[in-house]
Protein chains: 2
Amino acid sequence: MHVHAQVTGDERASGGRYDRPVTSPATGPNPRRIGRPRSNSRPLVGDPTDEILAAASRLIGLLGVGGTAMSRIASEAGLKQSSLYYYFHRKEEIVAALVARANVVPLELARRITDDGGPAAVQIYRFVRADVVALCALPFDINEIHRIAARDPAGFAEYWTERATLEGLIEAWVRHGISDGHLRDVDPVLTAMTILSNDEGVQNWFRLGTAREPQAVGAAVADLVVGGLVAAPSRLDRVRRAADRIDFQ
Amino acid sequence: MHVHAQVTGDERASGGRYDRPVTSPATGPNPRRIGRPRSNSRPLVGDPTDEILAAASRLIGLLGVGGTAMSRIASEAGLKQSSLYYYFHRKEEIVAALVARANVVPLELARRITDDGGPAAVQIYRFVRADVVALCALPFDINEIHRIAARDPAGFAEYWTERATLEGLIEAWVRHGISDGHLRDVDPVLTAMTILSNDEGVQNWFRLGTAREPQAVGAAVADLVVGGLVAAPSRLDRVRRAADRIDFQ
DNA sequence: CAGACTTTTCGATGGAACATCGAAACAGGC
DNA sequence: GCCTGTTTCGATGTTCCATCGAAAAGTCTG
């Protein structure tokens with residue numbers, strides 16, 4: 001029977017290999033692997049799935065999704081083109097796996113900041129500053145991935161769920177800030193959307209070549225966003241100092 | 001001699017037909033056109049270049065650049081696939097022509113606002129509000145086009161020049177606002193970049209389906225941006241009223 | 001330790017899309 | 001009528017995504 005028939009729903013979500021072994025992947029010095037040997041004789045370093053994702057990530061950052069051929073990814077991962085389809089059914093699944101990784105960082109960040117508590121303005125400041133830096137550090141442009149995810153809501157369902165969660169956390173900060181009078185009376189939904197858009201948009205232009213350091217860009221954007229939200233501008237300095245105390249010590 | 005050999009540098013920049021006739025295109029009731037007739041018998045309505053761009057714009061908005069096949073554009077414009085290449089050498093040239101059109105609106109807007117003069121905060125407020133609306137009204141996602149333009153700086157040289165001009169105009173507003181004390185002491189370059197990123201990022205999320213009206217989104221973003229820039233937050237109300245007086249009367 | 005089964009890889013192939021080439025089909029001027 | 005220039009087409013080449021069946025290894029069972 002052909003291996004494709006063994007695919008279950010779960011692997012689609014995980015974006016990984018068809019039948020992922022429960023045992024850890026080959027890591028020893030002489031990783032005896034089953035299956036037909038590769039035509040090239042290069043030593044096999046780790047989990048092929050990870051190697052594929054690493055190659056894809058690098059290439060997509062360089063050439064974009066459309067400009068990155070499956071054959072190129074395969075060759076950089078030490079495989080032939082058709083062998084890729086053993087690990088990922090379609091090109092989009094590779095993209096989905098990459099976006100799933102990228103999504104973890106901002107979401108973890110937001111959760112940690114929510115757990116830390118503190119004034120809403122400080123929370124938002126901390127988030128924006130770190131989010132911009134994190135997005136700038138990604139090897140590829142998150143906006144391009146967004147666009148692909150938007151055209152295939154079913155295939156990227158997990159992504160959109162996480163995205164909604166993230167937006168919800170930010171909304172909650174904004175709501176708290178408004179109710180305790182520290183923030184202006186803005187639309188929380190629109191504001192959360194704008195904050196995320198802003199981070200991603202800036203990341204885009206940073207990628208296109210700005211001399212600024214990501215840290216500086218992040219701080220500037222955080223200044224602008226929080227400055228636009230706080231009820232009294234004199235608070236901005238205190239907010240910045242509070243954020244620095246938490247994150248830079 | 002093949003028609004390709006007749007291409008000059010100019011047509012590349014204009015993104016149009018190989019040898020654009022100086023005479024106006026057929027507009028009469030019975031526009032007798034020279035050249036081989038089309039295989040379909042549909043009546044020919046206007047300039048084929050415009051029809052191609054209209055079809056491409058619609059399809060790209062629907063399916064994205066990668067998802068829009070040249071054969072599809074051709075068929076919607078009443079042509080066979082290979083006939084497109086008489087008007088545009090490559091798919092990217094169609095994209096370049098579209099982006100050239102899209103770029104006109106924000107640049108004109110910024111120039112008019114500069115000519116109008118007035119306080120920097122009002123200028124920025126007016127720009128952001130109108131820019132967001134204009135970007136939301138585009139049939140396609142400007143961010144996708146940006147990315148393609150970024151990967152081919154030579155082919156989109158005109159676009160990048162105009163972009164730099166736009167950024168320069170905004171920078172000048174910010175500089176003026178700082179020097180006369182109405183705006184906080186921010187980095188003008190970074191701020192101009194952030195403002196444009198913000199507009200484009202919000203446009204992106206609006207396109208993905210928000211219940212808000214573009215007008216409302218634009219006003220909210222303008223509030224946030226200008227609120228983050230003005231030295232005294234009490235000024236925000238006055239700025240908004242001043243902008244309303246100019247644009248909504 | 002032979003043979004069945006599983007895992008991983010490959011080569012061949014089909015189909016879709018971009019792009020090029022040469023020629024066909026018209027109009028207008030000589 | 002014939003030549004020239006304009007616009008369109010069909011055929012073709014190449015590249016890329018994706019599928020299929022089989023090959024080449026290891027592992028398990030009797």
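Trainee: What percentage of the 249 residues in chain A do buried residues make up?

Mentor: First, a heads-up: this is a predicted model, in which local features need pLDDT of at least 70 and side-chain atom pairs count only at pLDDT 80 or more, while totals for chains, interfaces and linings use all residues. Residues are numbered from 1 along each chain as its sequence is written, chains are lettered from A and ligands numbered from 1 in the order in which they are written, and side-chain values use heavy atoms, with hydrogens and water left out. Buried means under 20% relative accessible area, exposed over 50%, and partly exposed in between, using a 1.4 Å probe and protein chains only. For chain A, the buried share comes to 47%.

Trainee: How many helices does chain A have?

Mentor: Helices are DSSP runs of H or I with at least four residues, strands are E runs of at least two, and both are numbered from the N terminus. Chain A has zero strands, and from the N terminus on its elements run α-α-α-α-α-α-α-α-α-α-α. So the definition gives chain A a helix count of eleven.

Trainee: Among contacts in chain A between residues at least 6 apart in sequence, what percentage join residues at least 24 apart?

Mentor: Contact here means heavy atoms within 4.5 Å. Of the chain A contacts between residues at least 6 apart, those joining residues at least 24 apart make up 69%.

Trainee: What relation superposes chain A on chain B?

Mentor: Two copies of a chain are related by a rotation about an axis and a shift along it. The superposition is by least squares on the C-alpha atoms of residues with pLDDT of at least 70 in both copies. Here a rotation of 180° with 0.0 Å of shift along its axis does the job, with an RMSD of 0.1 Å. That is why the relation is that of a two-fold axis.

Trainee: In chain A, which residue has the C-alpha nearest the axis?

Mentor: That C-alpha is 1.7 Å from the axis. The same surface serves both copies, since 98% of the contact residues of chain A recur in chain B. The residue nearest the axis in chain A, by C-alpha, is A:G228.

Trainee: How many residues surround DNA strand C?

Mentor: A residue is near a strand if one of its heavy atoms lies within 4 Å of it. The closest to DNA strand C are A:R38, A:S83, A:Y86, A:Y87 and B:M70, and sugar and phosphate account for 68% of the strand's atoms that come within 4 Å of the protein. By class, this surface has ten nonpolar, eleven polar and nine charged residues (Ala, Val, Leu, Ile, Met, Phe, Trp, Tyr, Cys and Pro count as nonpolar, Asp, Glu, Lys and Arg as charged, and the others, Gly among them, as polar). The number of residues surrounding DNA strand C is 30.

Trainee: How far is a phosphate oxygen of DNA strand C from an N or O atom in the side chain of A:R38?

Mentor: A polar contact is a pair of N or O atoms within 3.5 Å; within protein, one must be able to donate a hydrogen and the other to accept it, and residues adjacent in sequence count only if both atoms are side-chain atoms. A polar side-chain atom of A:Y86 lies 2.7 Å from a phosphate oxygen of this strand, and a polar backbone atom of A:G35 is 3.4 Å from a base oxygen. For the side chain of A:R38, the distance to a phosphate oxygen is 2.7 Å.

Trainee: And DNA strand D: which residue of chain A has a side-chain N or O atom 2.9 Å from one of its phosphate oxygens?

Mentor: DNA strand D is surrounded by 29 residues, the closest being A:M70, B:S82, B:S83, B:Y86 and B:Y87. The side chain of B:R38 has an N or O atom 2.8 Å from a phosphate oxygen, while a polar backbone atom of A:R36 is 3.3 Å from a base nitrogen. The chain A residue at 2.9 Å from a phosphate oxygen is A:K91.

Trainee: Is A:T68 buried or exposed?

Mentor: A:T68 is found in the loop between α2 (48–67) and α3 (70–76) of chain A. Leaving aside neighbours within four places in sequence, A:T68 is in contact with A:L59, A:I60, A:L63, A:I73 and A:K91. Its relative accessible area is 1%, so A:T68 is buried.
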